[in-house]
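Student: Take me slowly through one part of this model, please: the nonpolar core and what goes on around it. I'd like one connected story.

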Amino acid sequence: MELLVNGKKEVLKTQTNAKQFIQDKNLPLEGLVFMLNDEIIKKDRLNECILQENDKVEILCFVSGG
Amino acid sequence: MSDKFTLGGVEFSNRLFTGTGKFPDKNLIPKMLESSESEMITMALRRVDLTSPQENILNYIPKNVVLLPNTSGARNAEEAVKIARIAREAGCGNFIKIEVINDTKYLMPDNEETLKATKILAGEGFQVLPYMMPDLIAAKKMQDAGAAAIMPLGSPIGSNRGIETRSIIEMLIENINAPIIVDAGIGRPSHAAEAMEMGADAVLVNSAIALANDPVRMGKAFSMAVKAGREAYLAKMAEESKYAEASSPLTGFLRD
């Protein structure tokens with residue numbers, strides 16, 4: 001299935017949940033903000049959140065800035 | 001004698017706010033916070049670079065320092081509001097620095113869009129600190145829209161040119177009830193002292209500290225300057241005059 005991840009098209013071969021998706025990308029869970037279709041998914045709900053075709057995913061974090 | 005600054009329901013004993021931007025080594029940030037005793041620091045929200053993930057800047061900020069996320073990247077009010085809501089949802093607290101910038105040459109803030117975002121976010125319970133081009137009318141509107149403080153720039157971001165907007169900031173200090181925090185362009189501790197002597201409630205300094213040869217030491221220098229400027233303001237400085245006024249009594253005995 002095709003998703004939009006941080007503005008870029010990505011193809012997922014198998015169905016997965018948000019937590020697994022993040023881990024598959026070798027990203028630490030801590031410090032990340034995960035948004036699905038413009039809604040923030042809290043950390044304790046990531047494993048319940050199943051990604052679907054055409055979902056818009058934004059993975060954000062806090063960085064240095066003035 | 002206590003001279004605390006209450007902003008958004010939080011009591012600050014240090015009137016120097018700082019930023020996390022531009023440090024050559026992020027490990028300097030907690031050391032700078034310790035040397036400067038700054039109690040509030042800014043950060044930004046960005047997409048994770050999935051090819052090369054950035055480190056979480058919050059790892060470098062001690063728990064007792066108040067987080068001030070900014071809406072950098074926003075080109076209009078709608079984007080600023082979106083970033084603010086995400087930052088709060090992500091656990092950053094209620095403070096938000098509104099930064100709406102379309103101009104890449106001077107990084108001038110868009111006062112009109114900043115005002116729109118201020119109205120919306122203040123209405124949602126944020127403690128809004130709008131970063132703005134000093135303008136008395138715009139500042140009044142932002143105050144009336146519910147801003148917790150007004151943050152006029154001294155000179156362009158990162159320019160280190162000091163309080164070029166002095167006369168307008170003086171207008172704001174005299175006529176705006178909301179606290180005035182001078183943000184951007186402060187390049188030297190003496191600039192920070194100048195802002196505080198004028199009666200500003202606080203200053204926000206990022207580039208001048210981060211890009212100093214010794215950011216930890218510079219943080220301390222700025223903290224001392226802010227305290228000096230504030231003490232001078234409270235002590236009420238003596239007036240300037242056109243002509244000399246002798247400090248020692250005129251002597252008559254040498255001529256008798």
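**Inside the core**

Tutor: Chain B has an average pLDDT (the predictor's confidence in each residue, from 0 to 100) of 95, and 99% of its residues score at least 70. This is a predicted model, so to speak of local features we need pLDDT of at least 70, side-chain atom pairs count only at pLDDT 80 or more, and totals for chains, interfaces and linings use all residues. Residues are numbered from 1 along each chain as its sequence is written, chains are lettered from A and ligands numbered from 1 in the order written, and side-chain values use heavy atoms, leaving out hydrogens and water. The model as a whole scores ipTM 0.93 and pTM 0.93.

Now the core itself. A nonpolar core is a set of buried Ala, Val, Leu, Ile, Met, Phe, Trp, Tyr and Cys residues joined through side-chain atoms within 4.5 Å; buried means under 20% relative accessible area, exposed over 50%, partly exposed in between (1.4 Å probe, protein chains only). The largest one here holds 65 residues, and B:I150 and B:V203 have the most contacts inside it. Its top contributor is helix α2 of chain B (residues 77-89), with 7 residues. Helices (H or I, at least four residues) and strands (E, at least two) are DSSP runs, numbered from the N terminus.

Zoom in on B:I150. Skipping neighbours within four places in sequence, its contacts (heavy atoms within 4.5 Å) include B:P130, B:M132, B:I176 and B:I181. A separate core of 20 residues lies apart, with A:L12, A:L46, A:C61 and B:V48 among them.

Follow B:P130 next: this residue sits in β7(B), opposite B:I98. Two strands pair if DSSP finds at least two bridges between them; β6(B) and β7 (residues 127-132) run parallel and are joined by 4. They belong to an open, parallel sheet of 3 strands, ordered β6-β7-β8 in chain B. β6 (95-98) and β8 (151-152) are at the edges with a single partner strand each, so one side of each has no neighbour in the sheet.

One more stop, helix α6 of chain B (residues 189-198). Its buried residues are B:H191, B:A192, B:A193, B:A195, B:M196 and B:M198. They pack against α5 (166-175), β9 (181-183), β10 (202-205) and α8 (215-235) of chain B. After α6(B) comes B:G199, with a positive phi near 115°.
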